[in-house]
Amino acid sequence: MLSSDELSTMIGDLLPRAIEARHWLHRHPELAFTEHKTAQFIREELDRIGVCYTAGVEGAETATNALIGDASRPCVALRADIDALPIVEKTGVPYASESPGKMHACGHDGHTATLLLTAAVLKRIESRLPVCVKLIFQPAEESGGGARQLVGAGVLDGRIGPKVAAIFAMHGRPSAPLGQILTAPGPLKAASDRFRITFRGKGSHAARPHESHDPITAAAQAILSLQMIVSREIDPVEPCVLTVARMSAGTADNVISDTATFSGTVRTLSEETRKKCREAIERRCAAIAAGHRCTSEMEWRSGYPVLVNDATLYRYLEQVARKTITAADVAPGALCFMRQASPTMGAEDFAFYAQQVPACMFHVGLRPAGVDEDDYPEIHQDSFNFNDEALVSGSKMFVALVLNFPECEVSHPEDVKKKSK
Ligand code: NI
């Protein structure tokens with residue numbers, strides 16, 4: 001086993017290169033499924049530290065799956081997302097984006113650099129690893145659901161590398177103190193779906209409304225009725241967002257249109273609420289359309305599912321964080337670990353892995369000491385930048401989660417314990 005001091009020293013040695021890597025990635029942001037330079041950079045780094053990998057999977061050629069350790073042992077996967085956002089960067093840092101209109105505004109440059117740093121540490125202690133480690137560098141988290149492609153291609157079930165027993169991922173959190181680890185068991189991020197409803201009626205001259213079957217009045221009534229799904233049909237202690245964000249109909253002030261459409265998003269934290277909401281939208285629209293002598297048609301686009309952190313992995317992660325992260329790793333006065341008080345209604349495609357194997361995502365605080373929460377940019381803002389110092393807590397956690405895994409009581413404990421001896 002590795003002592004905490006040994007781990008800190010090793011990370012200290014490797015940190016300057018990890019920071020350089022993070023800055024290179026920040027300078028070269030690429031969007032969903034087009035992360036070609038990024039993937040090349042990751043593979044060159046893996047070559048440099050002597051780690052084997054598979055380049056690309058079916059449907060995601062910019063994915064990279066690396067493997068460290070004895071493949072006959074239980075396999076723990078660590079995942080980093082590698083894509084950027086279509087935002088014009090305004091950080092003013094010397095390593096700012098060189099691709100106008102693209103920016104690492106969600107810190108995926110930091111996640112990738114953290115996993116590369118982790119790979120370098122694990123490679124150094126490969127002969128001592130109690131498990132084998134699969135490092136997944138995943139494209140297209142922000143849009144496109146790269147995780148769905150990778151799961152479909154077989155990164156978890158043994159078709160690409162060994163079968164995965166558990167998977168972990170991290171995400172930077174600007175509002176939390178630097179270095180602090182935060183997460184919670186159960187639902188952590190919302191399912192995010194989109195809907196579009198088209199009302200079809202009969203057009204007419206605006207002065208002869210009795211000759212129309214007006215889809216606009218029908219759609220207007222439906223939009224108001226949808227507000228009652230959350231207030232009247234969903235359990236009041238169950239989080240649910242239903243927002244109609246767009247509507248359109250008609251071409252002239254004196255013509256009643258024959259169609260009207262509106263669209264929006266539904267965010268939920270349970271599959272049951274998600275299903276209820278979808279059914280209620282369709283039912284209410286159809287009933288209201290019929291009352292107006294119109295028809296309605298719903299298009300539903302399923303987005304990312306609810307991200308549910310496995311309860312056993314959560315308990316294990318909390319224990320690991322409490323013994324791994326020290327006061328020296330966090331902003332002065334901050335706690336090393338916090339159980340997150342509530343989930344957020346944002347979405348995360350790590351949820352696709354969590355549907356297949358026990359999974360746990362954690363947050364790493366980015367906000368330096370002395371900086372007020374209101375003054376520190378949030379993710380997806382043009383002034384956001386990942387904090388290099390958070391690479392330490394993130395990689396320490398990844399390494400410790402791997403090294404202590406035989407103590408984790410997840411699904412096949414006997415198997416894990418036996419093989420790690
Ligand atoms: Ni992100």
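**Exercise 1.** In this predicted model, determine whether C106 and H171 are buried or exposed.

*Solution.* The criterion for a buried residue is a relative accessible area under 20%. C106 and H171 both meet this criterion and are buried. For the chain as a whole, 55% of the 421 residues are buried.

**Exercise 2.** Identify the protein donors of the nickel ion and state where C106 and H171 lie in the chain.

*Solution.* Begin with the donor atoms: SG of C106, NE2 of H108 and NE2 of H171 lie 2.2 to 2.3 Å from the nickel ion. Next, read their order along the chain, which gives the spacing C-x1-H-x62-H. Finally, place the pair C106 and H171: C106 belongs to the loop between β3 (75–81) and α3 (108–124), whereas H171 belongs to strand β5 (residues 164–177). The two residues are 65 residues apart, and the pair thus links distant parts of the chain.

**Exercise 3.** Explain why the chain may be described as being as compact as a globular protein of its length.

*Solution.* First, take the secondary structure, which consists of 10 helices and 16 strands. The radius of gyration is 24 Å, and the globule rule gives 22 Å for 421 residues; because these values are close, the chain is as compact as a globular protein of that length. The C-alpha trace spans about 85 × 50 × 45 Å along its principal axes. Then consider contacts with a separation of 6 or more: residues 24 or more positions apart account for 81% of them.

**Exercise 4.** State how many positive and negative side chains the chain has, and how far apart the centres of the two sets lie.

*Solution.* There are 45 positive and 52 negative side chains. The centres of these two sets lie 4 Å apart.

Notes: Residues are numbered from 1 along each chain as its sequence is written. This is a predicted model: local features need pLDDT of at least 70, side-chain atom pairs count only at pLDDT 80 or more; totals for chains, interfaces and linings use all residues. Side-chain values use heavy atoms; hydrogens and water are left out. Helices (H or I, at least four residues) and strands (E, at least two) are DSSP runs, numbered from the N terminus. The radius of gyration is taken over C-alpha atoms; the globule rule is 2.2 Å times the number of residues to the power 0.38. Buried means under 20% relative accessible area, exposed over 50%, partly exposed in between (1.4 Å probe, protein chains only). Contact means heavy atoms within 4.5 Å. Lys and Arg count as positive and Asp and Glu as negative; His and the chain ends are not counted. The place of a charge is taken as NZ of Lys, CZ of Arg, CG of Asp or CD of Glu. Donors are N, O and S atoms within 2.8 Å of the metal (3.2 Å for Na, K and Ca); water is not among the atoms, so sites may look incomplete.
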